[in-house]
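This briefing covers charge pairs, strand pairing and surface charge. Please keep the structure open while reading.

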Amino acid sequence: MSTAVTEGIEVTVRSTFRPERSEPGRFLFSYTVRIANQGEVPAQLVSRRWIILDASGEREEVVGDGVVGQQPHLEPGEHFEYTSFCVLKTPHGSMRGTYRMVRDDGQAFDATIAPFPLVVPGSLN
């Protein structure tokens, strides 16, 4: 699990290995993200940037609008949660990134997604 707070936006992520959807050389992990506005000003998530690393050092960058087809607008005290997935070629790796947030007054900032592990149970000593 990882948690980071940037300008009142708290991002918490939990990852889970999905053995029923994995096979050698293709390891599927789901992750659930909770984005909470702990600040005093509304903000909208407009885009995402993920950096995915596997155990062999292979790096993939994923950039796009919103998350799961949405661009949630969060009033103070509100949160948005979603689940997505990624596939690695190795049994462990990590993800990190940022969400581009825009306040109602037009001010933009990047909310940090702290690094979190993607690990097949028993694959690390």
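Asp110 is partly exposed, with 37% relative accessible area. The model is predicted. Asp110 pairs with Arg100 in a salt bridge, with the closest N and O atoms 3.3 Å apart. This pair is one place to start, since the structure holds 6 salt bridges.

**Salt bridge between E8 and E9**

- Asp110 sits in strand E9 (residues 108-119) and Arg100 in strand E8, so their contact ties together parts 10 residues apart in sequence.
- Arg100 is partly exposed at a relative accessible area of 31%.

**Salt bridge between two loops**

- Lys89 forms a salt bridge with Glu58, and 3.6 Å separates the closest N and O atoms.
- Lys89 belongs to the loop between E7 and strand E8 (92-103), while Glu58 belongs to the loop between strand E4 (43-54) and strand E5 (59-65); the pair therefore ties together parts 31 residues apart in sequence.
- Lys89 counts as exposed because its relative accessibility is 54%, and the cut-off for exposed is over 50%.
- Glu58 is partly exposed, at 40% relative accessible area.

**A salt-bridge network**

- Arg59 and Glu61 meet through their side chains in a salt bridge, at 3.5 Å from N to O.
- Arg59 is partly exposed, with a relative accessible area of 45%.
- Glu61 is also partly exposed, at 41%.
- Asp110 and Arg100 were described above as tying E9 to E8. Elsewhere, Arg49, Arg59 and Glu61 are joined into one network by salt bridges that share partners.

**Strand pairing around E3**

- Strand E3 spans residues 27-37, and 9 of its 11 residues are buried, so the rest of the structure largely encloses E3.
- Strand E2 (residues 9-17) runs antiparallel to E3, and 9 bridges join the two.
- Val11 has Ile35 in E3 as its bridge partner.
- E3 also runs antiparallel to E7, joined by 10 bridges.
- Here Val33 has Tyr82 in E7 as its bridge partner.

**Negative surface patch**

- Which residues gather in a patch of negative charge on the surface? They are Glu75, Glu78, Asp104 and Asp105.
- Glu75 is placed in the loop between strand E6 (73-74) and strand E7 (79-88).
- Glu75 is partly exposed, with a relative accessible area of 35%.

How values were computed: Residues numbered from 1 in each chain as written. Predicted model: local features only at pLDDT ≥ 70, side-chain atom pairs only at ≥ 80, totals over all residues. Heavy atoms only, no water. Patch = residues over 30% accessible without salt bridge, like charges linked within 9 Å, V, L, I, M, F, W, Y side chains within 5 Å. Areas by Shrake-Rupley, 256 points an atom, 1.4 Å probe, with all protein chains shown as cover. Salt bridge = Lys/Arg side-chain N within 4 Å of Asp/Glu carboxyl O. Lys, Arg positive; Asp, Glu negative; His and termini not counted. Charge placed at Lys NZ, Arg CZ, Asp CG, Glu CD. Helix = DSSP H or I, 4+ residues; strand = E, 2+ residues; numbered from the N terminus. Buried < 20%, exposed > 50% of the residue type's maximum accessible area, 1.4 Å probe, protein only. Pairing = 2+ DSSP bridges.
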